[in-house]
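Colleague: I am new to reading structures, and I would like to learn how to go from a picture to careful statements. Could you take me through one example, feature by feature?

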Amino acid sequence: MNKMFVHKLKEALLSVMPLSLIVILLNLTPLVSFTAREMILFAVCSLLLILGIALFNLGADLAMTPMGEHVGAGLTKSARISLLLSVCFMLGVLITIAEPDLTVLAEQVSAVINPTVLTLAVGVGVGIFLVLGVLKIVFSVHLSSMLMFFYMTLFAVAAIVISTGKEPMLSMGFDSGGVTTGPITVPFIMALGVGIAATVGGKNAGENSFGLIALCSVGPILAVLVLSVFATGNIENPIDPSSYAIAEDLLGAVLETLWSVARSVFLALGLVVCFFFIIDLIFLHLPKKRIAQILIGVLFTYAGLVIFLSSVHVGFMPIGYKLGGSLADRNSTLLLIAAFVLGLVVVLAEPAVHVLKKQVEDITDGTVSARSMLLALSIGVGVSLLLSAIRIVFDFSILFYLIPGYLISLGLSFFVPRMYTAIAFDSGGVASGPLTSSFILPFAIGACMALDPSGESVLANGFGIVAMVAMTPLITIQMLGFRAVVKRRMQEKVALRRILTADDAQIIEFN
């Protein structure tokens, strides 16, 4: 256990340090000027972030992943499809409602849509699409076909939103898809897919292990876009800049955040654990030693998430907001460069990314390595933040990115192995985690407020950055698959050419 924790700690250190060093180095230049109080808070929160990620990743290995696999396998073995679908729907709704990432988004857009209504709608959306994802595994339906249909539906609903004069709401709607697949939802749902696919079996079991996160990202977008049609809130100036400032009573603010995060994480994890124990009591009957290990893992997961999310909210959100505003005030070109560089490193610190890369490497037997996954994700997120910063500067609709981006993503699915498509669309939801919503989104909002102090462009241009983070990995990871296909064909051609050009002396006859 100690060796595992030290390994996770080193991994977390390597993940967080690049982002922290970039912020610290920027503070040493004339471009940004943070106060000593802000930098001390940021440094302390960075150290806590490392500890939180390490504890979370250890807990995910010991508890969240095994629980998901056991639940998926146990319910599937019961051969009661209605029970499996009912439990998955309830899990999708309840876990999403308690997902801390969704709470962050709901609070930032409370002036536009009632947070309770938004949370419930998104929860139902995830529940419905989790059921559809399970049906995909059970009946071995191709993921690309389902994604093609549902994304065409999304853009049709987006056209209705535009026709009602609510186009600024599109960015927030597409953001919700990435935000809801957070650190609690991702490990459990991914492992649930692995458990169901392994039990169902078949030659496509590996491919079927992926895709649940991809489908669960669609439900929230559809739910929020439908809500947008009926929204009556303030879409012209929805942001209060004071909410991103470091509180004067820092100790009080830290304690309040810690208590709020501790409650929401306890609720979310509590729902998962209760469901697990009910299913274990009825179907699984796991040995006590295994149960004890899972409970220890749950405690690690809980402690890690509370530390991680509290640190991000207290120290990273205000720093991100001020950083974006300072760079936009200085020079638009600097904003673009900084956005790209931050994108390259921020994804490394997303806790669920480490869960994804481990599962991908295990399921593919190393065919898709963790290093290539991280590289593809890093480049994808870097490009997404660069494109988002360009949109902030030049003020145009997010649909100019999303429509061609998803057409390219869906088009690539016809030319790459289906495994890569499933991994890619899962990666989009995983990459847009709590650090994106609590650091990168405030960064974009700060830049918008600096360029347009009235705040009228924030909803349209500041939001949407999470959606971009969720979209670009779909292309970069499928390009990995395309590269693998081309490389294999080239090797086959070389091998065939050698056979055809070989002389008779090289041919060995066997009697």
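**Reading a predicted model**

Modeller: Let us start with Asp395, which is exposed, with a relative accessible area of 53%. Please keep in mind throughout that this is a predicted model.

Colleague: Where is Asp395 found, and what is the value of its phi?

Modeller: The general idea is that most residues other than glycine have a negative phi. Asp395 is found in the loop between helix 16 (370-394) and helix 17, and its phi is positive, near 55 degrees, although the residue is not a glycine. A positive phi also occurs at Gly165, which follows helix 6 and has a phi near 80 degrees.

Colleague: Since you mention helix 6, how far apart are its end C-alpha atoms, and what span should its residues give?

Modeller: Helix 6 covers residues 143-163, and at 1.5 Å a residue its 21 residues should span 30 Å; the C-alpha atoms at its ends are 30 Å apart, so the expected and computed values agree.

Colleague: Which residues of helix 6 are buried, and why can one say that they line one face of the helix?

Modeller: A residue counts as buried when its relative accessible area is under 20%. In helix 6 the buried residues include Leu143, Met146, Leu147, Phe150, Tyr151, Leu154, Phe155 and Val161. Seen down the axis of helix 6, the buried residues fall within an arc of 165 degrees, and therefore they line one face of the helix. The face turned away from this buried side carries Phe149 and Ser163, which are exposed.

Colleague: How does one look for empty space inside a model, and how many cavities of 30 Å³ or more are found here?

Modeller: The general idea is that rolling a probe the size of a water molecule over the atoms shows where empty space is left. A search of the whole structure finds 2 cavities of 30 Å³ or more, and the largest has a volume of about 100 Å³. Its lining is made up of 15 residues, and those nearest its centre are Tyr151, Ser217, Tyr406, Gly429 and Ala470. By class, the lining of the largest cavity has 10 nonpolar and 5 polar residues, with no charged residues.

Colleague: Which helices each supply at least two residues of that lining?

Modeller: They are helix 7 (169-180), helix 17 (399-412), helix 18 (418-431) and helix 21 (465-501). Tyr151 and Tyr406, both named among the residues nearest the centre of the cavity, also belong to one aromatic cluster together with Phe155, Phe174 and Phe425.

Colleague: How should I read aromatic pairs, and how many are counted here?

Modeller: Rings are paired when their centres lie within 6.5 Å, and by this rule the count comes to 12 aromatic pairs. One of them is the tilted pair of Phe42 and Phe316, with 4.8 Å centre to centre and 45 degrees between the planes. This pair links distant parts of the chain, as Phe42 is in helix 2 (residues 36-77) and Phe316 in helix 13 (residues 288-330), 274 residues apart. Phe42 is buried, with a relative accessible area of 1%, and Phe316 is buried at 0%.

Colleague: What kind of pair do Phe266 and Tyr302 form, and is Phe266 buried or exposed?

Modeller: Phe266 and Tyr302 form an edge-to-face pair, 6.3 Å centre to centre, with 85 degrees between the planes. Phe266 lies in helix 12 (residues 250-284) and Tyr302 in helix 13, so the pair ties together parts that are 36 residues apart in sequence. Phe266 is exposed, with a relative accessible area of 57%, whereas Tyr302 is partly exposed at 25%.

Technical notes:
Residues are numbered from 1 along each chain as its sequence is written. This is a predicted model: local features need pLDDT of at least 70, side-chain atom pairs count only at pLDDT 80 or more; totals for chains, interfaces and linings use all residues. Side-chain values use heavy atoms; hydrogens and water are left out. On a 1 Å grid over the protein atoms alone, a cavity is a set of points where a 1.4 Å probe fits but cannot get out, and a pocket is an open set with protein on both sides within 12 Å along at least five of seven lines; lining residues have an atom within 4 Å of a point. Grid points are joined across faces, edges and corners, and a volume is the space filled by probe spheres set on the points. Helices (H or I, at least four residues) and strands (E, at least two) are DSSP runs, numbered from the N terminus. Ala, Val, Leu, Ile, Met, Phe, Trp, Tyr, Cys and Pro count as nonpolar, Asp, Glu, Lys and Arg as charged, and the others, Gly among them, as polar. The expected span of a helix is 1.5 Å times one less than its number of residues. Buried means under 20% relative accessible area, exposed over 50%, partly exposed in between (1.4 Å probe, protein chains only). The arc is that of the directions from the helix axis to the C-beta atoms. Rings of Phe, Tyr and Trp (its six-membered ring) pair if their centres lie within 6.5 Å; planes under 30 degrees apart count as stacked, over 60 as edge-to-face and the rest as tilted.
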